[in-house]
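These are my notebook entries on the interfaces, cavities and salt bridges that I looked up. The entries begin with the interior and then turn to the chain contacts.

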Amino acid sequence: MTDIGAPRLSTRQLARRRRAASYRRTWKAFAAKRSGLVGLGILVFFIVVALGAPVLASSRGLDVTLANGPVLGPPSSHYVLGTDENGRSVLTLLIWGSRISLFVGLAATVISMVIGTLLGLVSGYFGGWIGRITFRITEWFLVIPFLPLAIALAAVLGRGLFNIVIVIGVTSWPSTALLIRSQTLSIKERAYIERAEAIGAGRWHQMGRHVLPNVMPMVFANTTLTVAAAVLTETTLSFLGLGDPTHTSWGTMLDSAYQVGAITTGSWWYVIPPGVCVVLVVLAFTMIGQALEEVLNPRLRARQ
Amino acid sequence: MSLVADPGLIAEGEETGSGRQHGYLSYVGVKVLGSIGSLLFMLVVNFFLFRVLPGDPARSLGRGHINTQAQLDAFNKTYGLGQPLPQQFWTFLKNTAHGNLGTSIQYRLPVSQLIWDRLWPTLLLVGISTILSTVIGVYLGIRGAWDRGSVFDKVSTGASLTLYAMPEWWLGLMLIAGLGVGFGFVPGLFPTGGLHSAGVNPSSLHGILDTTWHLTLPVVTLALAYLAEYSLIMRSSLLDELGEDYLQTARAKGLRDVLVRNRHAVRNALLPTTTVIALNIGFVVSGAITVETVFSIPGLGLLSTDAIGVPDFPVLEGTFLVASGGVIAANLVANLIYGWLDPRVRT
Amino acid sequence: MTTETTPEATGTAAPDAALLAIRDLHVTYATGEGGLPAVRGVDLTVARGQIVGVAGESGCGKSTLASTVLRLQPPSATVSGQVLFDGRDVLAMRWGELRAVRWAGASIVFQGALHSLNPVHRIGAQLAEPMHIHQPGLDEARVTERVAELLDQVGMAPERAKSYPHQLSGGQKQRVMIAMALACDPELVVADEPTTALDVMVQAQVLNVLSELVRGRGVGMMMISHDLSVLADLCDRITVMYAGRVIEEGPADQVFAAPLHPYSGALSAAFPRVGDPAARFAPAGLPGDPPDPRNLTEGCSFAPRCPRAAPVCLHDEPGLVAYDDRAAACVRIGEPDLEAR
C-alpha cells in the first residue's frame, strides 16, 4: 500500500509503467537470443544505407544520360561492383535500390497489416454471421494463388510505385487475418473480458482496451515476417516487369540483368549482389520475427 | 470376466461410437462444399478484376481484333457487355462453363486452346517438384529434430533458412549460371532453357530423356525452394511432439527408438506439416510461374508472363482461372488427406 | 546379487520374495541452471501380491522414482543406486533384457491419461501394440480376442477398440491405460496417480479394478498418489516421500491413523475422515510450499514448514530410524508437542 506521503499514481500512469516494464523484459529476452540480434544488426545496416543513400552515392549516378562507364564492365578500381548495360555503377544502383525495396516492403506491409488486423479482429471477436462471413472471405482469399492474382491486378492497374504497394498489400493480408483471428479467439475466452462485460463495457471499448493490446505483441512479430514476404514479392513482381520503371529497386536491377543476358555473358556482378541483398534483408526480418515469436510465445520458449 | 463389481455402474456419458464411419464421409462433404464456395468466390474476383475494374472491357479484352462496329457489336453480344452487371456475370459463368475463355490478343487463338497446349509442362514441373520437396523436406526435418543440435541439424536449418529467404527464380538464375553456362573452365552440364532440344522427337525415348534433362534444373530449383520450408516446419512440429506423454508410454512398452519416432511422434508431427503443404500449393504454382520464365519452359507460367507486356487480358484472365481452380482442387485433396490422417477433425 | 535389507529399510516380507527392491537410489536431472536432485537416497521394497503406496506432494520425486523402474528417465539424468526387479538391476541391464522387462515384466499406468494415449491411433491398436512387441508369434485373431478380454476386465465394451482417444471420457481413458498395463501379464504394476482428475464415483471404480487385479493374480503393485486416504484404503504399506527422500514408512493403516512424522501427519489431516468430530476442528493444510530441490537448506528439508521444528532440526538431516515394523526420519518422535492441540 502506498503511504500517505508518497505521490499517488493514477491508474493510467500505473498501467503505463507496467507496460514499460514488460517491454523492457521482452527486450531483455529478445536480446538474449543471438539470432534476433544478428537480424536486427543486418536490418539496421540496410536502413542506414537506404536513408544515407544521397550521402553514400550521388543520385547523378542513376542518370542514364550522365553515365560514362563501360557497358557491363566487371568490377574495377573505379567501379567497385562493375557497371550495368548503361554504364552506371552497380554499387550506386544497389544503394539507391535499397530505398525502393525497403519502402515498398514496409508500405505494403502497413496496408496488409491494417486490413488483416481489422478483419482478423472482426472475425475473431464477433460471433454470428458477421464473424463467420469475414472468416469465410479470408479463407477463400487465402486459397487464391497470390502471384496470378498479383499479376492480374498489376496488369489492370498499370505500373507504378503506388500501384505495386497496393497490389502487394491487397494480396498478402489473409494470413495475417487468420493469425489475428486465432489470437483474438483465445483472448476472448479469458476472464478479464467477462469482467469487462460484467461492468458494462461496450463492445468497441472491449476491443480497443482489452483485446487489441494483448493481440499487439503477436501482431508485431507477424509484421516483421510480413515485411520479409513483401520484400520478396516486390522483387519478384519487378523482375517480371511489373515494377515501377522510373525507380530502381533490387528487383528491377535483376529484371534488367536478365533482359540483357547478364547470365550468359557471365556478368555476375550484376546478378549476384541484388539477390544477396534481398536474401540478407529477408533473413534479417525472418530472424527478428522468429526470435520475437519465441519470446512472446511461452510454449516455444519452454522447448529450449 | 469383469473385475469390476457392477459394469452397469459405469455409465459416465458413453459417447456413441457409431458416428465414426459417417465421420469421414460427412467431413468429405463439408470440404467439397467449401471448395465449391471458394470456386465461386474466385469467379467473382475474376469477374470483378477483368470486367468491372478496367474502364472499358471491350477495349482491353478485344484489343487488336475489333476494328469495325459490327465486330464490336458481336463482341458485346458474346460477353453480354452493356447489360446490367448481374446478367454479365451470368453470361461470364456460362461462357466459362463451356470452356469459352476468349481469344488471345497476341496469338489470335482461343485462350482455352493455348492453355491446353501449355498445361502438361506446368503439371510436370509442379507435380515432380512438389513430390520431391515434400519427401526430402520431411526427411530433413525429421532427422534435424531427432538429432537436435547435431552438425547435420545446424547445417540443415541454416541452409533451409537461407533458401527460404531467396527468391526461387534467383536461385534458378544462379543454377543456370553455374550449371547451365558454366564458370571458368567448368562447362555447363545442363541446358540453359527450353523444354526440348531442336530436332528431337519429344515422344520418342530419346525425346523423353531429353525433356527430363531440360526439366532437371527447373525441378531442382522449385524443389529446393520449398523443401526448405517443409523441413523447417517438420522439424518444428516434431520438436513439439517430442515432449508429449504418449511417447513415454510407447517407450515403456518396450518399443525400439526408431519405431517410437516413426510410428508415434512423426505420425503426429505430420499433421501441421500437411496443413502447411496444403497452404503452400498456391505458392508452388506462383513459383512455377517465375521458374518457367527464367528457364523458358513453355508452360502456363511463361504464357502468363508473356501476356503481361501486351497486356493480353484474355490470356491473363484464363491463366488466372486455371491456376486458381487448380489450387482449389489441390487444396481439397490435401484437406481430404489431412482428414484421413487426423481422426479428431472428422467429428 | 544379495537381497539383504538394510537396517533402516522396511522389515516386511522375506527378502527372497522381493519383486522390486530399490536401493539407495539417487536421480539428478541435468538442467540449464545446473543439477536438480529429484531423488536423494530412496529405499523401497515391493513383494509379490503386495500393494505399496508412495505418498507425497508434487515435486517430491515420486514420479521420477516410478520412471526408474523401467529406466525411463531422460538420458541426461545422473542415476546411482540399484533398482532390482526380480533380483536383476534394471539400471545396469542391457537393452535386450530391459526390453523384455518393459511391459512384460513390469508395466506403468501413467498419470494424466489425457495425453498418455496417442491421439491418432485407435484404442485397440494401442492395446495390441505391446502384445505385438513381446509375443510376436501370436496370430491376429488371438490378439483381437485378448484386446476384447482386456477391455471387458475394466468394464468397457469390446466395440470401444475401434474408438480414438478423443472419443472417450477421462475415466474411460484411465481404464484403457489400466487395461493396457495388463496386456502382457506383468508381475509388477506401477500406478502413477491413477485417480487424479477423476471424479469420486469413477475414482472408486478404478480403485476397485486395481485392487481386484492385484489380489486376484498375485501381481505386485506400487501405487503413487498425493491422496493419503486413497492409499490407506488400498495399500498394505505406505512410504511417504518429501523433497526426494523417504521420511516415513510402515503399514498403511498405521501411517494413516497414527503418523510418526509431522509431514505425514499433515498429509493425513488434509483429508478429513467422515464421522470423526475431532477432524472438523483439526487445522488442515501446511503453510509454505515444497522446497526447491536446487536450494535445499541445511538440516531437515521439512524444517521450514514443520510445526514441531527445533533448533537441532536446522543442522542435521535426520536419517530413517526403525520403530518395530515402521520407520520415520524425525528427531522429535516421542517428544511432547510444543503447542497443545
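Entry 1, cavities. I sorted the residues that line the largest cavity by class and obtained 4 nonpolar, 4 polar and 2 charged. In this sorting Ala, Val, Leu, Ile, Met, Phe, Trp, Tyr, Cys and Pro count as nonpolar, Asp, Glu, Lys and Arg as charged, and the others, Gly among them, as polar. I note that the model is predicted, that local features need pLDDT of at least 70 and side-chain atom pairs pLDDT 80 or more, while totals for chains, interfaces and linings use all residues. Residues are numbered from 1 along each chain as its sequence is written, chains are lettered from A and ligands numbered from 1 in the order in which they are written, and side-chain values use heavy atoms, without hydrogens and water.

I searched on a 1 Å grid over the protein atoms alone, where a cavity is a set of points that a 1.4 Å probe fits but cannot leave, and lining residues have an atom within 4 Å of a point. Grid points are joined across faces, edges and corners, and the volume is the space filled by probe spheres set on them. The search returned 7 cavities of 30 Å³ or more. The largest cavity has a volume of about 60 Å³. Its lining has 10 residues, and B:Arg51, B:Phe92, B:Asn100, B:Leu101 and B:Glu317 are the closest to the centre. Helix H4 (85-97) and H12 of chain B each give two or more residues to this lining; H4(B) gives the most, with 3 residues. Helices here are DSSP runs (H or I, at least four residues), numbered from the N terminus.

Entry 2, chains B and A. I counted contacts (heavy atoms within 4.5 Å) and found 46 residues from chain B and 39 residues from chain A. The two chains bury about 3,800 Å² between them, 80% of it on carbon and sulfur atoms; buried area is the accessible area (1.4 Å probe) lost on being put together, summed over both parts. On the chain B side, B:Phe41, B:Trp169 and B:Trp170 lose the most area to chain A, together 16% of what that side buries. I found 0 salt bridges across this interface, a salt bridge being a side-chain nitrogen of Lys or Arg within 4 Å of a carboxyl oxygen of Asp or Glu. There are 6 residue pairs in polar contact, both at pLDDT 80 or more. A polar contact is a pair of N or O atoms within 3.5 Å; within protein, one must be able to donate a hydrogen and the other to accept it, and residues adjacent in sequence count only if both atoms are side-chain atoms. The chain B side divides into 31 nonpolar, 13 polar and 2 charged residues.

Entry 3, chains C and B. Here 44 residues of chain C touch 34 residues of chain B. They bury about 3,600 Å², with 53% from carbon and sulfur atoms. I counted 2 salt bridges, including B:Lys253 with C:Glu129, whose closest N and O atoms are 3.0 Å apart. Polar contacts join 12 residue pairs, both at pLDDT 80 or more.

Entry 4, salt bridges. Over all chains I counted 21 salt bridges. One of them joins A:Arg136 to A:Glu139, with the closest N and O atoms 2.8 Å apart. These two residues are separated by about one helical turn because they lie 3 residues apart in helix H5 (residues 128-143) of chain A.

Notes: 1 Å grid on protein atoms, 1.4 Å probe; cavity = no way out; pocket = protein on both sides within 12 Å on 5 of 7 lines; lining within 4 Å.
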